Structures are given as structure tokens and as C-alpha cells.
Amino acid sequence: MADTPAPDADDASAPDPPDSPATARTSGDRVFDATNRFIHGVEVAAAALFALLFGIGVVDLALQIAESVPTGAITDPNTVIGFIETGLLLLIIVEVYETVVAYIEQSDTRRIVRLVIYTGVIAMVRKVIIYRTTEYESPEGALFAAVSYTIIILGLVALLYVERSVGTPLSN
């Protein structure tokens, strides 16, 4: 034991004693670290899944367009609206992907809120574009849906306006 020198007080590489408060890790700390790693892994998996869905969607949209050209269906307004609907759905997937990535990168909360608002705006614009009164059982049902869409869009626009006008601008 005389051969082993005592750790120097100034030696930064010397380990802290096991009962030191700086290194004492409770089982709660270990569980917290494990759950954080799990959540991070799920976030990364979700981002990869949304990227895959986006890729599949782009290929599917390209195939739909390619199939409608020879048949002449590309000139049908309902077909074009279907393409627009699919394109907007792809934009929603991109916005959700960006939101997941912002969570992974632990971005500014304002950036995440803005991404969620953008996703909502795109989703509602998509709903308005594909809105057809014939899909409802009664004219009152169609009117109720139209008024609901309007209120939601106005609320999202108000949220976006407030988010952009209050505080400092985001760097991204």
C-alpha cells in the first residue's frame, strides 16, 4: 500500500470518492437517463419513419401522375385536386418530420410551436381544397363544416401572427 501514492488534491483525473454528492447517482437518476435514451431513440425512429413515408408518398404521387397522362385523366379537375391533396399531405408529413427533428435537436420552443402552427395551416388548407358539399348528408352539415374550417384557419392565422409579432425573430 505504500507504493500507491495518495491522489493529489489538484489532480483532476483522480476519481471522486464513491459517497461524494457530485458522483452519487441514485436509482432515480439511472432510470431518468435510461428513459431519456429510450425517448431519444423513439424520436429518431419516428423521424426516420416520417422520412420513409415522405419518400414513398413522392414515388406514389409520381406514379399516379404518370398513370393519368396516357389515359387523359390528368385533365380531369377531380384528378388534379387529388394530386394537390396528396402533395399537401406530403407537406404535412414534412412539417411533422421537421417538428420531430426540432424535438430531437432540443430546439427553441418557439421554433417547435411555429412548426406545429404551419402544420395546422397546411392541414386546414388541404381540408378546404378537398371540401365538397356533396360529401355531407345535409346542407346544414356542409355549412357547419365550412364554418368550423373557417374558425380553425382564423385561429391558426391569429396564432401565427402573435407568434411572429411577439418577441425576437427566430434565426431559422
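These exercises with worked solutions concern a predicted model of a protein.

**Exercise 1. The overall make-up**

State how many helices and strands the protein has, and which pattern they follow along the sequence.

Solution. Begin with the count: the protein contains four helices and zero strands. Next, read along the sequence, which gives the pattern α-α-α-α. Burial can be added to this picture: of the 172 residues, 21% count as buried. Finally, consider the contacts in the protein with a separation of 6 or more: residues 24 or more positions apart account for 61% of them.

**Exercise 2. The span of H1 and of H3**

Compare the end-to-end distance of helix H1 with the span expected at 1.5 Å a residue, then do likewise for helix H3.

Solution. Helix H1 covers residues 27-71. With 45 residues at 1.5 Å a residue, H1 should span 66 Å. The end C-alpha atoms of H1 are 66 Å apart, which agrees. Helix H3 covers residues 109-129 and has 21 residues. From its first C-alpha to its last, H3 reaches 30 Å, close to the 30 Å expected. One further detail belongs to the end of H1: just after this helix, Gly 72 takes a positive phi of about 85°.

**Exercise 3. How H1 meets H2**

Determine how H1 and H2 are oriented to each other, and describe their contact by residue class.

Solution. Start from the geometry: H1 and H2 pack at an angle of about 165°, with their axes 9 Å apart. Angles over 145 degrees count as roughly antiparallel, and H1 is therefore roughly antiparallel to H2. The crossing in which H1 passes H2 is left-handed. By class, this contact of H1 with H2 has 20 nonpolar, seven polar and one charged residues.

**Exercise 4. Burial in H1**

List the buried residues of H1 and name a helix that covers them. Then classify Ser 68 and Ile 39 as buried, partly exposed or exposed.

Solution. The buried residues of H1 are Glu 43, Ala 47, Gly 57, Leu 61 and Ser 68. H2 is included in what covers them. For Ser 68, the relative accessibility is 6%. Buried means under 20%, so Ser 68 counts as buried. Leaving out residues up to four places away in sequence, Ser 68 touches Ala 73, Ile 74, Thr 79 and Phe 83. Ile 39 also lies in helix H1, but its relative accessible area is 44%, and Ile 39 is partly exposed. In sequence, Ile 39 and Ile 104 are 65 residues apart, while in space their C-alpha atoms are 9.3 Å apart.

**Exercise 5. Glu 95 in H2**

Place Glu 95 in its helix, decide whether it is buried or exposed, and name its contacts beyond four places in sequence.

Solution. Glu 95 is found in helix H2, which covers residues 77-104. Its relative accessibility is 16%, so Glu 95 counts as buried. Setting aside neighbours within four places in sequence, the contacts of Glu 95 are Leu 115, Tyr 118, Thr 119 and Ile 122. A distance to another residue can be added: the C-alpha atoms of Glu 95 and Phe 50 are separated by 9.7 Å, although these residues are 45 apart along the chain.

**Exercise 6. H3 and its two partners**

Describe how H3 packs with H2 and with H4, and list the buried residues of H3.

Solution. Take H2 first. H2 and H3 pack at an angle of about 165°, with their axes 9 Å apart. That makes H2 roughly antiparallel to H3. H2 passes H3 in a left-handed crossing, and their contact has 17 nonpolar, two polar and five charged residues.

Now take H4, residues 139-165. H3 and H4 pack at an angle of about 155°, with their axes 10 Å apart, and are therefore roughly antiparallel. Their crossing is left-handed. Among the residues making this contact are Ile 117, Val 121 and Met 124 of H3 and Ile 152, Leu 156 and Leu 160 of H4. The contact residues divide into 11 nonpolar, one polar and five charged.

Last, the buried residues of H3 are Arg 111, Ile 112, Arg 114, Leu 115, Ile 117, Thr 119, Gly 120, Ile 122, Met 124 and Arg 126. These residues pack against H2 and H4.

Note on methods
Residues numbered from 1 in each chain as written. Predicted model: local features only at pLDDT ≥ 70, side-chain atom pairs only at ≥ 80, totals over all residues. Heavy atoms only, no water. Axes fitted to C-alpha atoms, helices over the stretch in contact; angles between N-to-C directions. Helix = DSSP H or I, 4+ residues; strand = E, 2+ residues; numbered from the N terminus. Parallel < 35°, antiparallel > 145°, perpendicular 65-115°, else oblique. Left-handed = near helix turned anticlockwise from the far one by under 90°. Contact = heavy atoms within 4.5 Å. Nonpolar A, V, L, I, M, F, W, Y, C, P; charged D, E, K, R; others polar. Expected span 1.5 Å × (residues − 1). Buried < 20%, exposed > 50% of the residue type's maximum accessible area, 1.4 Å probe, protein only.
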